[in-house]
Amino acid sequence: MNSPQAKGGVVATAGAAATCLLINPLSCRTRNGALSRRAEMLARAHGVRVEVTGDPARIVALLEELRAAATPRLFVLSGDGTIQLIASFLVGLPAGDWNPELLLLGGGRANAVPRAFGGTPALRALRRVLEALRENRPLRVETQPLLCVRQQGRPERCGFIMVGALIDYGVRYCREWRASGTSWWHRGILADQISLLRLALQVLLGRSPVPPSPQMVVRMQPGGTMYAPLRVFVAGSLLHAGGHYNPYAARGDGPLRISAIAVEAPRFWRNLPRMLTGRFDESMSVAQGYLSGRCHDASVEGMAGYSLDGEPYDADPALPLHIATGHALRVVHA
């Protein structure tokens, strides 16, 4: 059977023709245009529809259009925030509604979510998947549950990685730094590192803007409980939290991962490189100020704010935050 012809005479496979690539040109790695243009050219050469927009309202309108057409695949070249917007849209649909196969390509600054599914470097990953479609090879599609954060009186938030305590402060500090200027120092690929070095210098000079560590209660079900001022709080649902970012102990059972580190935890800075790659030893216990591992759900009391996939949200510290996994996405592993 002959392949259908795409617009402009490009040969499109049936798989590519049933695919849309969304490019957010405002994401960190797509902002200068080179990555965006190359990805668009590559996709169009394979007969894939391409939409370029960073406007949340236009992205939602596109999702509604793709849903109405029951488009089976959506490729996304963006940062983690756009991916969270798409995930939130899918969560809001009725059960059994549209749930396309998602290819998540790293176009943002951190790219924690795309990296977990082989979506970086973006062009290489896109090329691999497009070649698989052209050759009618099956894609490797995995079910990925979302992390869902709930609190009484506030809307449910869904994403992949949640941070609190001083990590949340650092995320907000970096966002404020990027918003305070338009130069390379503020908007370039190393802007977060520059802002954190600036913060470290303020601390060394005794001018630290960092607030006192909040007193929190963290309960893992099943698992331990910690009541202490926290330096670190991280929760995640990624199946592949490997590579450079896997700050969870290999303990317990369940789809949710939690790490809570007390301010008074001994040898914190010495243990930090090991914790980032998930290497917790027996001395790093709750009694020593380290609560980390897998569970089915968790609650946190005393948290006034958190960041989910880099997006900041306020919370009521007087009410518990409930953290669990929910709606499952279908993600292409490149």
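How many disulfides does the structure hold by the distance rule used here? The count comes to zero disulfides, and this holds for a predicted model, in which local features are described only where the pLDDT is at least 70. The points below begin with the cysteines and then turn to the aromatic rings, the second largest pocket, the backbone and two pairs of residues.

**Cysteines**

- In general terms, a disulfide is a covalent bond between the sulfur atoms of two cysteines.
- The sulfur of Cys-148 has its closest cysteine sulfur in Cys-158, at 3.1 Å, and because a disulfide needs the two sulfur atoms within 2.5 Å, this distance is too far for a bond.
- Cys-148 counts as buried, since its relative accessibility is 2% and the limit for a buried residue is under 20%.
- Cys-20 is likewise a buried residue, with a relative accessible area of 1%.

**Aromatic rings**

- A pair of aromatic rings is described by two values, the distance of the centres and the angle of the planes.
- The structure holds two aromatic pairs, and one of them is formed by Phe-268 and Trp-269, whose ring centres are 4.9 Å apart and whose planes stand at 80 degrees, an arrangement that is edge-to-face.
- The other pair joins Tyr-306 and Tyr-313, with ring centres 5.7 Å apart and planes at 35 degrees, so this pair is tilted; the reason is that an angle under 30 degrees would count as stacked and an angle over 60 as edge-to-face, while the rest count as tilted.
- Within the edge-to-face pair, Phe-268 counts as buried at 6% relative accessibility, whereas Trp-269 counts as exposed at 63%.
- Within the tilted pair, Tyr-306 is buried at 4% relative accessibility, and Tyr-313 is also buried, with a relative accessible area of 17%.
- Phe-268 has a further partner, because Arg-231 lies over the face of its ring at 4.4 Å from the ring centre, and a charge sits over a ring if CZ of Arg is within 6 Å of that centre and within 35 degrees of the ring normal.

**The second largest pocket**

- Rolling a probe the size of a water molecule over the atoms shows where empty space is left.
- The second largest pocket has a volume of about 210 Å³, and of the 13 residues that line this pocket, the closest to its centre are Ala-165, Asp-168, Pro-214, Ala-304 and Gly-305.
- Helix H7, which covers residues 165-179, supplies the largest share of the lining of this pocket, namely five residues.
- When the lining residues of the second largest pocket are sorted by kind, they divide into nine nonpolar, two polar and two charged.

**Cis peptide bonds**

- Thr-120 and Pro-121 are joined by a cis peptide bond, with an omega of about -10 degrees, and Pro-121 lies in the loop between helix H5 (112-116) and helix H6 (122-134).
- A cis peptide bond also joins Gln-221 and Pro-222, where omega is about -10 degrees, and Pro-222 has its place in the loop between E8 and strand E9 (225-236).

**Positive phi outside glycine**

- Ala-70 has a positive phi of about 55 degrees although it is not a glycine, and this residue is found in the loop between helix H3 (56-68) and strand E3 (73-78).
- Asn-111 is another residue other than glycine with a positive phi, near 55 degrees, and its place is the loop between strand E4 (101-106) and H5.
- As for their surroundings, Ala-70 is exposed with a relative accessible area of 51%, while Asn-111 counts as buried at 2% relative accessibility.

**Distance along the chain and in space**

- Val-300 belongs to strand E12, residues 297-301, and at 0% relative accessibility this residue counts as buried.
- Val-300 and Leu-321 are 21 residues apart along the chain, and their C-alpha atoms are separated by 5.1 Å.
- Ser-208 lies in the loop between helix H9 (191-204) and strand E8 (215-221), and Ser-208 counts as partly exposed, with a relative accessibility of 37%.
- Ser-208 and Leu-291 are 83 residues apart in sequence, and in space they are 27 Å apart from C-alpha to C-alpha.

Conventions. Residues numbered from 1 in each chain as written. Predicted model: local features only at pLDDT ≥ 70, side-chain atom pairs only at ≥ 80, totals over all residues. Heavy atoms only, no water. 1 Å grid on protein atoms, 1.4 Å probe; cavity = no way out; pocket = protein on both sides within 12 Å on 5 of 7 lines; lining within 4 Å. Points joined across faces, edges and corners; volume = space filled by probe spheres on them. Helix = DSSP H or I, 4+ residues; strand = E, 2+ residues; numbered from the N terminus. Nonpolar A, V, L, I, M, F, W, Y, C, P; charged D, E, K, R; others polar. Buried < 20%, exposed > 50% of the residue type's maximum accessible area, 1.4 Å probe, protein only. Phe/Tyr/Trp six-rings, centres within 6.5 Å; stacked < 30°, edge-to-face > 60°.
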